[in-house]
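Biologist: Got a minute to go through this model with me? I'd like to start with the inside, then look at pockets.
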Amino acid sequence: MPILPGRRLGPYKILAAIGAGGMGEVYRARDTRLDRIVAIKVLPTHLADRSELRERFEREARMVASLNHRHICTLFDIGEQDGIE
């Protein structure tokens, strides 16, 4: 089920859906702490209950966080709220 605009995930306020496919749904959001626009990637609800996919999603996040290149996004945060990862 898509996350509706206006919903908050921690300090992030969802503004709009950007896209979906593979293992993730991506949303445009505002980081209310730092007043900046960010992208939020979450596991779709139909995949979030599978532990092997949650682990893969977290491995991907750790890998991306270890990279530092101008053509690769920077990962600032990872977490779970109300069953949304």
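Biologist: Which residues make up the largest nonpolar core?
Modeller: Ile3, Leu9, Tyr12, Ile14, Tyr27, Ala29, Val38, Ile40, Val42 and Ile84, 10 residues. A nonpolar core here is a set of buried Ala, Val, Leu, Ile, Met, Phe, Trp, Tyr and Cys residues joined through side-chain atoms within 4.5 Å. Buried means under 20% relative accessible area with a 1.4 Å probe, protein chains only. This is a predicted model, where local features need pLDDT of at least 70 and side-chain atom pairs 80 or more, while totals for chains, interfaces and linings use all residues. Numbering runs from 1 along each chain, and side-chain values use heavy atoms, without hydrogens or water.

Biologist: Which strands supply at least two residues each of that core?
Modeller: β2 (12–21), β3 (24–31) and β4 (36–42). β4 gives the most, 3 residues. Strands are DSSP E runs of at least two residues, helices H or I runs of at least four, numbered from the N terminus.

Biologist: What does isoleucine 40 touch, leaving aside neighbours within four places in sequence?
Modeller: Leu9, Tyr12, Ile14, Glu25, Val26, Tyr27 and Ala29. Contact means heavy atoms within 4.5 Å.

Biologist: OK, pockets. How much space is in the largest one?
Modeller: About 730 Å³, counted as the space filled by probe spheres set on grid points joined across faces, edges and corners. A pocket is an open set of points on a 1 Å grid over the protein atoms alone, where a 1.4 Å probe fits, with protein on both sides within 12 Å along at least five of seven lines; lining residues have an atom within 4 Å of a point.

Biologist: Which lining residues are closest to its centre?
Modeller: Ala39, Ile40, Lys41, Leu75 and Asp77, of 26 in the lining. β4 supplies the largest share, 7 residues.

Conventions
Buried < 20%, exposed > 50% of the residue type's maximum accessible area, 1.4 Å probe, protein only.
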